[in-house]
Amino acid sequence: TSNAMWGGRFAAGPDAIMEAINASIGFDKRLAAQDIAGSRAHAAMLAATGIISDSDAEAMREGLLTVLSEIDEGRFEFSTALEDIHMNVEARLKEVIGEPAGRLHTGRSRNDQVATDFKLWVRDQLDAAETGLVALIEALLVQAEAGADWVMPGFTHLQTAQPVTWGHHMMAYVEMFGRDLSRVRDARARMNECPLGAAALAGTSFPIDREMTAQALGFDRPAANSLDAVSDRDFALEFLSAASICAMHLSRFAEELVIWSSAQFRFVVLSDRFSTGSSIMPQKKNPDAAELIRAKIGRIFGANVALMTVMKGLPLAYSKDMQEDKEQVFDAADNLMLALAAMEGMVRDMAPQREALEGAAGAGFSTATDLADWLVRVLGMPFREAHHVTGALVAKAEAKGCDLPELSLAEMQEVHGEITKAVYDVLGVHNSVASRVSYGGTAPEQVRAQIARWKEVLG
Ligand code: ARG
């Protein structure tokens with residue numbers, strides 16, 4: 001038998017394979033709450049504009065609430081023959097309220113319906129990402145504040161570069177996640193236009209009130225072009241691209257946590273709550289949460305590329321290709337929220353190891369730049385020459401197998417006769433970080449100023 005919703009011109013029902021490739025109910029049932037919210041707004045508007053009777057609208061309202069509770073309580077039987085969430089809900093509404101259900105689809109199409117449902121869903125995810133990011137930033141601020149003046153090695157090329165403060169390193173991630181936060185907020189502001197009422201693609205001849213439905217669903221305004229409204233998936237792509245950048249940040253941080261928690265570094269101890277053991281090696285405590293964050297991020301990048309690829313060749317307006325938008329976004333959103341929560345938990349629990357951090361801070365001639373700067377400042381040497389002299393001192397220390405502050409004054413003076421013992425003041429890592437007071441620099445006072453600024457920003 002042909003489809004009850006659209007089978008009027010069909011003599012035969014679909015092949016089983018057709019049904020399998022066509023149906024989206026297996027995944028778009030996640031849009032049930034949004035679908036019913038959209039239908040309720042539409043029904044109320046149809047009555048307010050006199051397109052349907054108040055009693056029909058009231059029957060729809062009650063019926064839709066019944067269907068929603070059936071779904072919420074797991075009593076709803078989803079049907080593949082009914083393709084998707086929209087037709088599943090409408091068919092059940094017909095069973096519950098009878099004939100008035102047939103008027104719900106007046107002045108509406110599944111094309112504007114699905115765009116509306118999906119936008120509502122993505123909007124909730126943008127809000128959830130915002131909440132997750134704020135919580136993560138707050139956890140980082142706690143860590144930054146506790147160790148605002150702890151020194152650690154700063155790296156370039158993963159080679160020791162200059163000493164930095166632990167607080168400064170934490171605050172670098174606050175800046176990254178802060179940009180993610182602003183991207184999420186931008187995306188939300190831009191996407192908040194309602195597609196409902198665009199109908200199939202051209203609008204409708206019924207005297208609908210799009211302002212009313214837009215407002216009822218929390219949108220700022222109706223989308224201005226019906227062709228665009230049903231074929232736009234920018235909101236999903238912006239979510240995925242903001243999610244991808246955020247995921248990239250999470251992955252970089254996860255990578256650092258994996259390195260830092262190793263026996264070779266011991267910069268941080270991760271909590272038992274966010275680690276796992278080995279079934280053979282009794283001593284092991286593995287940073288699995290960090291590794292899984294690092295790995296899951298690939299799915300988010302993949303979703304972004306997949307949906308871009310789905311959309312890139314589609315002529316206006318709706319094509320069924322667009323049904324492939326949902327699983328990608330669902331999976332990316334689930335994994336982003338999980339990764340944000342796991343990272344927040346790890347950051348809250350982790351114990352930075354002050355002694356290990358400080359011990360490593362001076363290794364690898366990390367204050368060589370301070371020494372060169374001293375030669376410039378005190379001896380008036382051109383920086384290029386100071387760089388060369390410092391290089392010779394580093395080579396000397398390396399040959400002797402010691403760090404820069406362990407060279408004697410006599411040894412220093414063999415390289416350059418005018419060096420005085422005052423030079424030792426700048427070779428210590430604490431003096432080094434304390435001296436870097438330029439705006440945004442690693443000096444504890446700068447770090448504390450940034451922590452204060454962020455606390456104010458977050459309120
Ligand atoms: N299940 C469809 C989707 O997810 C709903 C829209 C179907 N529209 C249509 N004209 N067949 O995109």
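A residue is taken as buried under 20% relative accessible area, as exposed over 50%, and as partly exposed in between. The structure described here is a predicted model.

The ligand is surrounded by Ser-24, Asp-28, Asp-84, His-86, Arg-110, Asn-111, Val-114, Tyr-318, Lys-320, Gln-323 and Lys-326. By class, this shell divides into five charged, four polar and two nonpolar residues. Helix α6, which spans residues 110-146, supplies the largest share of the shell, with three residues. Side chains of the shell approach nitrogen of the ligand in several places. An N or O atom in the side chain of Asp-84 is 3.0 Å from a nitrogen atom of the ligand. For Asn-111, the separation between an N or O atom of the side chain and a nitrogen atom of the ligand is 2.9 Å. In the case of Gln-323, a polar side-chain atom lies 2.8 Å from a nitrogen atom of the ligand. On its own the ligand has 340 Å² of accessible area, and the protein covers 86% of this area.

Two residues of the shell, Asp-84 and Arg-110, also take part in a network of salt bridges that links them with Glu-83 and Lys-320. Within this network, Glu-83 and Arg-110 form a salt bridge in which the closest N and O atoms are 3.0 Å apart. Glu-83 lies in the loop between α4 (54-72) and α5 (85-97), whereas Arg-110 belongs to helix α6, so the salt bridge ties together parts that are 27 residues apart in sequence. The two partners fall into separate accessibility classes: Glu-83 is buried because its relative accessible area is 6%, while Arg-110 is partly exposed, with a value of 24%. The backbone of Glu-83 also has a positive phi, near 65°, in a residue other than glycine.

The structure holds 29 salt bridges. Among them is the pair formed by the side chains of Glu-193 and Arg-221, with an N to O distance of 2.8 Å. This pair links distant parts of the chain, Glu-193 being in strand β3 (residues 193-194) and Arg-221 in strand β4 (residues 221-222), 28 residues apart. Glu-193 has a relative accessible area of 25% and is therefore partly exposed. Arg-221 is likewise partly exposed, because its relative accessible area is 38%.

A further salt bridge joins Glu-411 to Lys-400, the closest N and O atoms being 3.2 Å apart. Glu-411 lies in helix α16 (residues 409-415) and Lys-400 in helix α15 (residues 383-400), so this pair ties together parts that are eleven residues apart in sequence. With a relative accessible area of 19%, Glu-411 is buried, a classification that rests on the limit of under 20%. Lys-400 is partly exposed, at 46%.

Asn-192 lies in the loop between α7 (166-191) and β3. The relative accessibility of Asn-192 is 2%, so this residue counts as buried. The side chain of Asn-192 is joined to that of Arg-123 by a polar contact of 2.8 Å.

Particular backbone features were found in other loops. The peptide bond between Leu-316 and Ala-317 is cis, with omega at about 0°. Ala-317 is located in the loop between α11 (288-311) and α12 (325-349). Arg-266 is not a glycine but has a positive phi of about 55°. The position of Arg-266 is in the loop between α10 (234-260) and β5 (268-269). Arg-266 counts as partly exposed because its relative accessibility is 41%.

At the surface, Met-5, Trp-6 and Phe-10 make a nonpolar patch of about 260 Å². Met-5 is found in the segment before α1 (16-22). The relative accessible area of Met-5 is 33%, so this residue is partly exposed.

Definitions and conventions. Residues numbered from 1 in each chain as written. Predicted model: local features only at pLDDT ≥ 70, side-chain atom pairs only at ≥ 80, totals over all residues. Heavy atoms only, no water. Near = heavy atom within 4 Å. Polar contact = N/O pair within 3.5 Å; in protein donor to acceptor, adjacent residues only side chain to side chain. Areas by Shrake-Rupley, 256 points an atom, 1.4 Å probe, with all protein chains shown as cover. Helix = DSSP H or I, 4+ residues; strand = E, 2+ residues; numbered from the N terminus. Nonpolar A, V, L, I, M, F, W, Y, C, P; charged D, E, K, R; others polar. Patch = residues over 30% accessible without salt bridge, like charges linked within 9 Å, V, L, I, M, F, W, Y side chains within 5 Å. Salt bridge = Lys/Arg side-chain N within 4 Å of Asp/Glu carboxyl O. Buried < 20%, exposed > 50% of the residue type's maximum accessible area, 1.4 Å probe, protein only.
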